[in-house]
Amino acid sequence: MKKSKPMHGTSKAKGCSHARLGNFCKMFPKLKSWADECKITERCEAAEIAAVLGGSGGMMHDANSSSADSAIPAAYTFFAQFIDHDITLDTTSELHGDPISTKEVDHLPNLRSASLDLDSVYGFGPEASPHLYDQEQTGRLLIGNDVNANDLPRNSDGRALIGDPRNDENLFLSQMQLLFLKFHNRRIISRSFEEAQTDVRFHYQWIVLYDFLERICDEKVYQQVINNLSKFPKYDIKDKCGRICMPVEFSVAAFRFGHTLVRSQYPVNREYPVVDLFDERFGTEGFSAVPENLTVDWRFLLDVERCHDYVKAKAFNHLLADELIRLPDPVVGRFASDNDRSLAFRNLLRSFALGLPSGQTVAKEIKAKGYAIPHNGPDISALEGWKCVEPSLQKKLASSTPLFLYLMAEAGDKNLGDGERLGPVGSAILLEVFITILKECESILNPPKGYKGWKPDKCISGDRRLTLADIVRYVG
Ligand code: HEM
């Protein structure tokens, strides 16, 4: 075996060095929680409300797959999940716990670095995470296994050898991870490990900021921020040591918007034009090898090729696909109750446990900071399924809506997101966090020496705006 030169895969930008993970925190620590606003003190009452809204057959369950589609290519759903797994991971808070204080939230560890540094791909770099790297070919990431060269590297139990095990949670996400492994391995030709890593991170960050966020955010709020970058962010989400903390308003509500984009069924390739997200026929219910014939052909989910039809993400609204209301064992464990299998239920109950404020309170707060938030918020009483909610609960929720439901209602409201995008409040929360991350960490907005004025490689994007489809075409 060749001896490889030791390499450092950790970046040393201020406030966000990969090796120094931070904690969670609150973006609005002074706001009253939704539960306090509604005078809900018992967790069983909160769980009952979460079940009525988010349980199986509840208001947020798209039981008949009747929700419309958005105009966004379906692949962006898994790109969004891939971003989520790069920046946030809470394994400590209790789903069924009593609400914790703001101080306790400040002590919850975030097990991902809150920076767009792809620690989910690189782990802690070749030195500290050698099991992710090809020991024969310096700096290259491992790819494939004995069964499928177009799958993730796996151990003998079929477990993926990757920076964040969650990126093997469904077929499409695992293939998104593979896309970035391959992208790195192409970019390392003629570059050192560090150069390739920076190059991959910068292309990824460019797509996040100028492609992904542009597609999913409210147009007015996005333009307001992008055209006045020096005036944002408005909130300080750093701890006493100057490390970025991950706001729970983002990780438990706003960035979980991606759950509404998930469809129950997808095309995989020409041979398999319709499979369930967790299709039992193939044993691909997450965290398992991808058989060769299920290798994802992104042309069916993304605008990769002219005149090739592709599916779109589900509409942005308060409805979650059936596959997410009945999560399989590998995702939630064999003994999970029916409610705990529902992602809508989990999002709402987790919000209660972490003391999140109501949507209306957050909207007022963000508007006061100067964000372009219209006077009228979403009409909660117009939501599909609202009529089945008891009048006494309707009364509580109409003026004090759990943040996740509020943001999804905003996205689906015909005067706001109209099913095509997030609403203004959700967009403001996302942009606050992403702009903070990009400004504080080594990034396209805060480039190190030698990278000033960095632009995506034209061999990848041509003269067009760089998009996710360019990466797919480039990797081939
Ligand atoms: C494709 C199917 C998906 C499944 C099965 C899934 C499943 C889950 C589960 C089980 C959790 C933990 C819930 C809890 O106990 O509180 C979670 C958390 C989360 N999900 Fe998803 N998710 C999916 C897609 C997405 C997408 C597309 C996004 C992106 C925008 C997203 C964003 C998040 C975020 C931000 C968290 C919190 C992570 C943390 O801080 O630990 N998810 N998801």
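The following exchange concerns a predicted model of a protein with a bound ligand.

Reader: Before we start, how are residues numbered, and which pLDDT limits apply?
Author: Residues are numbered from 1 along each chain as its sequence is written, and side-chain values use heavy atoms, with hydrogens and water left out. In this predicted model, local features need pLDDT of at least 70 and side-chain atom pairs count only at pLDDT 80 or more, while totals for chains, interfaces and linings use all residues.

Reader: Which protein residue is the donor to the iron atom of the ligand?
Author: The single donor from the protein is His259, through NE2, 2.2 Å away. Donors are N, O and S atoms within 2.8 Å of the metal (3.2 Å for Na, K and Ca); water is not among the atoms, so sites may look incomplete.

Reader: And where is histidine 259 found?
Author: Histidine 259 belongs to helix α11, residues 258-261. Helices are DSSP runs of H or I with at least four residues, strands are runs of E with at least two, and both are numbered from the N terminus.

Reader: Now phenylalanine 404: buried or exposed?
Author: Phenylalanine 404 counts as buried because its relative accessibility is 0%. Buried means under 20% relative accessible area, exposed over 50% and partly exposed in between, with a 1.4 Å probe and protein chains only.

Reader: What does phenylalanine 404 touch?
Author: Leaving aside residues up to four places away in sequence, phenylalanine 404 touches Met60, Ala253, Arg256, Phe257, Leu320, Asn347 and Leu348. Contact means heavy atoms within 4.5 Å.

Reader: How many helices and strands are in the protein?
Author: The protein has 20 helices and 8 strands. Of its 476 residues, 60% count as buried.
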